[in-house]
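Me: I'd like to go through this structure with you, a bit at a time. Can you take my questions as they come?

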Amino acid sequence: MAVAEGAEPISLEEQQRSTPFLDAWRLFRRNKASLVALTTLIIIFFIAITAPLWTTVGLLDARTGAQARHTVNPVNLPSVDPYPDPGSCARDNLNSNPYWCSWLSPESLVTVQNKYCFRPEPDYSQKQWCYVLGGDSNGKDWLSQTIYGAQVSLSVGVVGATMSLIVGLIYGLVSGYYGGRIDNVMMRIVDFMYGFPTLVFIILMQVYFTEVARQYQDTDQQGIAGFVLALNKDMGGLLFLFIALGVLNWIGMARQARGLVLSYREKEFVEAARAVGANNRRIIFVHLLPNILGPLIVLETLAIPGYIFTEAFLSFIGLGVQPGTPSWGAMISEVRDRGGFFSNRHILLVPSIALVLTTLSFNFLGDGLRDALDPRMRGT
Amino acid sequence: MSQSMPDTQAKSAPATSSADGRKVLVEVTDLKKHFPIKSGILFQREVAAVKAVDGVSFRIYEGETLGLVGESGCGKSTTGRTILQLYQPTSGSVKFEGQEITDLKGNALRRMRRKMQMVFQDPYASLNPRMSVGRIVAEPLVVHNIGTKKEREERVAELLELVGLNPYFVRRYPHEFSGGQRQRIGLARSLALNPKFIVADEPISALDVSIQAQVVNLLEKLQNELGLTYLFIAHDLSMVRHLCDRVAVMYLGKVVEIAESEELYTNPLHPYTQALLSAVPVPDPVVEETRQRIILKGDVPSPINPPKGCNFNTRCPVSVDVCFDQDPELVEILPDHWVACHRVI
């Protein structure tokens, strides 16, 4: 793209901007699968963030529907006990809230599952409330659980990714840039961490703290254990999971970051910056960091499905979120434990499809990001 | 006028004929840069060293262009970088305007950097692909905290015009430019701080021949306008002859001959220089076919294990016994023509 020197000056507005971000976006657009994945993820994120809009009443506990309405995100969930009477949600909220309990459903879908549609007798003028995808054995709406489970999974993915990216990035930057003994020591620590049985560690932590919580259920637990338990409860049982994910995955990121720093450190523009007189801090943050961020983000995006699966797996075996918090893994476990599968075949499909859709989308997104960021870097 | 300096440290630095009146800008004395080879898992010991620069001495006078030539791997680039203190020299001294710079650190070193800059070889790797051209050229000003934002913008526009680029290019990114243009951007960056001395490390090797001419003309123009002094490191001998006032020839980390440009090309004294010059093709086909080429046998020895005595003795066509015992010193054979060879002394 050689432009003749001394040509007619084009105004800045007329020039087609070509920042690295715009170039990457143009390359990203070419990959159709990743565009679809991005759209899907945006939709999933949007639904998860605006969950209360779609699941106004009776979402988690049909019996205490009015109370359930206030628990709009998993972090604040109280632990609820199952009641036997599923119709009270509609009954309680009839007068105060004319909206649907769950997703809007036309009259024709009434026939789907009679058990899950409530029309409070004898007032037939009111609209019918339906659980569109059915409910679990406790009478909780399956769709609403899925939507709130999306909140849990996405938060696990995002928090896990962010934590491991930040920690790994800083660790790899310091280790790769300073080299020598510092690098040696830091990488031996990473090697040690690689052998660490993190899953066992998570399970042990969960089991221990659950046991402690059970023992001191009535008394107000003081001290560190009490604080940790309270925090865990507030987060719907996710605290240990976040800690474990932070401990697990930053090492892969650190290794990759270090490798990238080692290769970029010898490039001539870094030498040029040194020749100009830039100090170490400037070289790290202005020259190295923007260049290595691309591949690291790709790596992180491709690692998110792993975080989501880990959380689902742990919830499935009962060592993840607390019993009241909805999670896709817990939903699958529920189908296995309490049945319902043979009367409603679709019930297993819902959380499974949600899980698969989310993880596949992240995978394709990561692929698209890699296409967008790598070819341009190969060109320089 | 052939006197060697009574300098006890240096092997023998070329004399500054003080009657000459020329001011010495850069004085390099017995500069050495060895890169250690370490071995061992936890406690690494130095087992050998790559002697990239092994005792180099020369002077660069103000306003001139000194060419530094030699084959790949002889240590030219390392010499250039060590002079600029991008590498810490293993031993030896570098004096800039009479002031010793090898022991400067921190802020003093940074202030020294304003006076000497470097232009790099690879136009594709010497510019940060994530920074716009304006930011790249303004970086020296930002690092040294010079001027307000507006003043910096003006200076960047001025620099781009100086090297022959349209100032509207400030917001563009390096990958949108051709090799020759990128080299100009690198040149603009090195001029930002108004340096006196520029080390040009093979600035045209990666460019097209037609573009090479443009860039060399630009270098000459800038030298005249701004009064710059160049250390021009290259391996294209014909270009060096055109551009440089004096030329130094390096072999395996040592300088073997320094002379004025025309003198070197018409009267090369060191056998290595003679072989090097005979490798340059002559544009006249009749002459090219009939002339005698000196072809050296063998390969360049490894810089980890330089041969005892003269470095060139493994390939020299005229070596004698003393060449295998003693390292020859750089001696002024003719006025301002220094050679390091036992056969010539």
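Me: What radius of gyration does chain B have, against the compact globule value for its 345 residues?
Reply: This is a predicted model, where local features need pLDDT of at least 70, side-chain atom pairs count only at pLDDT 80 or more, and totals for chains, interfaces and linings use all residues. Residues are numbered from 1 along each chain as its sequence is written, with chains lettered from A and ligands numbered from 1 in the order in which they are written. The globule rule, 2.2 Å times the number of residues to the power 0.38, with the radius taken over C-alpha atoms, puts a compact globule of 345 residues near 20 Å, and chain B agrees with that, at 21 Å.

Me: What percentage of chain B is buried?
Reply: Buried means 20 or more other C-beta atoms within 10 Å of a residue's own, with C-beta atoms placed from the backbone. Of the 345 residues in chain B, the buried part is 41%.

Me: How many residues of helix 1 of chain B are buried?
Reply: Helices here are DSSP runs (H or I, at least four residues), numbered from the N terminus. Helix 1 of chain B covers residues 76-83 and is mostly covered. Its buried residues include K76(B), R81(B) and I83(B). The count is 7 of its 8 residues.

Me: How are helix 3 and helix 4 of chain B oriented to each other?
Reply: Axes are lines fitted to C-alpha atoms over the stretch in contact, and angles run from 0 to 180 degrees between N-to-C directions. Helix 3 (133-143) and helix 4 (149-162) of chain B pack at about 115°, with axes 9 Å apart. Angles of 65 to 115 degrees count as roughly perpendicular, so helix 3 and helix 4 of chain B are roughly perpendicular.

Me: Which residues of helix 3 of chain B make that contact?
Reply: Contact means C-beta atoms, placed from the backbone, within 7 Å. Helix 4 of chain B brings R152(B), R155(B), V156(B), L159(B) and L160(B). From helix 3 of chain B come G134(B), V137(B), A138(B) and L141(B).

Me: Which helix of chain A gives the largest share of the side that touches chain B?
Reply: The contact takes 26 residues from chain A and 29 from chain B. On the chain A side, the elements giving two or more residues are helix 11 (268-276) and helix 12 (280-316). The largest share, 8 residues, comes from helix 11 of chain A.

Methods
Contact = placed C-beta atoms within 7 Å. Buried ≥ 20, exposed ≤ 12 C-beta atoms within 10 Å, placed from the backbone. Parallel < 35°, antiparallel > 145°, perpendicular 65-115°, else oblique.
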